[in-house]
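Student: I have a new model open on my screen and would like to talk through its helices and its empty spaces. Could we take it step by step?

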Amino acid sequence: LKKIIDRVSLDVLSRNRVISEIYVNGRLMRGWDDPALAEKKVGDTSEMRIISEDPRKLAHKVLYDVASFMDQIKSALIQTSEKIQSRHEQEGLQMLQNVTTTWADLYMGLQNAVIVTGMDLTTIMIGSKTFLDINEEIHEYLDRVSDLVEDEQYLELSDILEYEIAPRIPM
């Protein structure tokens, strides 16, 4: 599939578009570098569907998607805290890892959208704060969270998640 991927990428680029979704055999791939896609051979592939979009339209969609995820992240932080409080620390830590990964993915998506639209990251407002300010606050707390996880101080960890980080996530 590598040759097909390269050919399609060049064609899309020549049309000033970006690939927003890739489906192989009905399954959504994470991108051209998805390990599940890299393993596939042409003979194993019965269907490949590629969706491309104008980069600016896609970037604007990403900006709105980032804002819509805020409530879900806030809820996930509270659920993680509750899981840790109920002495299911390992489940809570897995949930925490998922939340922080999602946060990082959102930030990267936002940065890419800002580059494509030519906007300034310091002007992207979610609620009454810039996303950049929100991200900096969250990362300060995540440094503390990392220390608490390392020291296995789960009660304090759950408090920080629920009472300090979650309230800072705008809705």
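**Pockets and packing**

Tutor: Gladly! The largest pocket has a volume of about 1200 Å³, and keep in mind that this is a predicted model.

Student: Which residues lie nearest the centre of the largest pocket?

Tutor: Its lining is made up of 28 residues. Strand E1 (18-24), H3 and H4 each supply at least two residues of that lining. Nearest the centre of the largest pocket are Ile19, Ser20, Arg30, Val62 and Gly109.

Student: How many residues in the lining of the largest pocket are charged?

Tutor: Let's go class by class. The nonpolar residues in the lining of the largest pocket number 16, and five are polar. The charged residues there number seven.

Student: Now for the enclosed space: what is the volume of the largest cavity?

Tutor: A general idea helps here: rolling a probe the size of a water molecule over the atoms shows where empty space is left. In this model, the count comes to one cavity of 30 Å³ or more. The volume of the largest cavity is about 60 Å³.

Student: Which helix gives the most to the lining of the largest cavity?

Tutor: The lining consists of Ile73, Leu77, Val99, Thr100, Trp103, Ile138, Leu142, Ile165 and Ile169. Helix H3 (55-85), H4 and H5 each supply at least two residues of this lining. With three residues, the helix that gives the most is H4.

Student: How many residues in the lining of the largest cavity are polar?

Tutor: By class, eight residues of that lining are nonpolar and no residues are charged. The number of polar residues is one.

Student: Let's turn to the helices. How are H4 and H5 oriented to each other?

Tutor: Helix H4 (residues 89-117) and helix H5 (residues 131-150) have axes 12 Å apart and pack at an angle of about 155 degrees. Angles over 145 degrees count as roughly antiparallel. H4 and H5 are therefore roughly antiparallel.

Student: Which residues of H4 meet H5?

Tutor: H4 passes H5 in a left-handed crossing. On the H5 side, the contact includes Phe131, Leu132, Ile134 and Asn135. The residues of this contact divide into twelve nonpolar, three polar and no charged. From H4 come Leu93, Leu96, Thr100, Trp103, Tyr107 and Leu110.

Student: And how are H4 and H6 oriented to each other?

Tutor: H4 and helix H6 (residues 154-165) pack with their axes 12 Å apart, at an angle of about 40 degrees. Their crossing is left-handed. As for the orientation, H4 and H6 are therefore oblique.

Student: Which residues of H6 meet H4?

Tutor: H4 brings Glu89, Gln90, Leu93 and Leu96 to this contact. By class, the residues of the contact are five nonpolar, one polar and one charged. From H6 the partners are Tyr154, Leu157 and Leu161.

Student: How are H5 and H6 oriented to each other?

Tutor: The axes of H5 and H6 cross at roughly 165 degrees and come within 9 Å. The crossing is left-handed. H5 and H6 are therefore roughly antiparallel.

Student: Last one: how many residues in the contact of H5 with H6 are charged?

Tutor: Ile138, Tyr141, Leu142, Arg144, Val145, Leu148 and Val149 in H5 meet residues of H6 that include Glu156, Leu157 and Glu164. Of the residues in this contact, ten are nonpolar and no residues are polar. The number of charged residues is three.

Technical notes
Residues numbered from 1 in each chain as written. Predicted model: local features only at pLDDT ≥ 70, side-chain atom pairs only at ≥ 80, totals over all residues. Heavy atoms only, no water. Axes fitted to C-alpha atoms, helices over the stretch in contact; angles between N-to-C directions. Helix = DSSP H or I, 4+ residues; strand = E, 2+ residues; numbered from the N terminus. Parallel < 35°, antiparallel > 145°, perpendicular 65-115°, else oblique. Left-handed = near helix turned anticlockwise from the far one by under 90°. Contact = heavy atoms within 4.5 Å. Nonpolar A, V, L, I, M, F, W, Y, C, P; charged D, E, K, R; others polar. 1 Å grid on protein atoms, 1.4 Å probe; cavity = no way out; pocket = protein on both sides within 12 Å on 5 of 7 lines; lining within 4 Å. Points joined across faces, edges and corners; volume = space filled by probe spheres on them.
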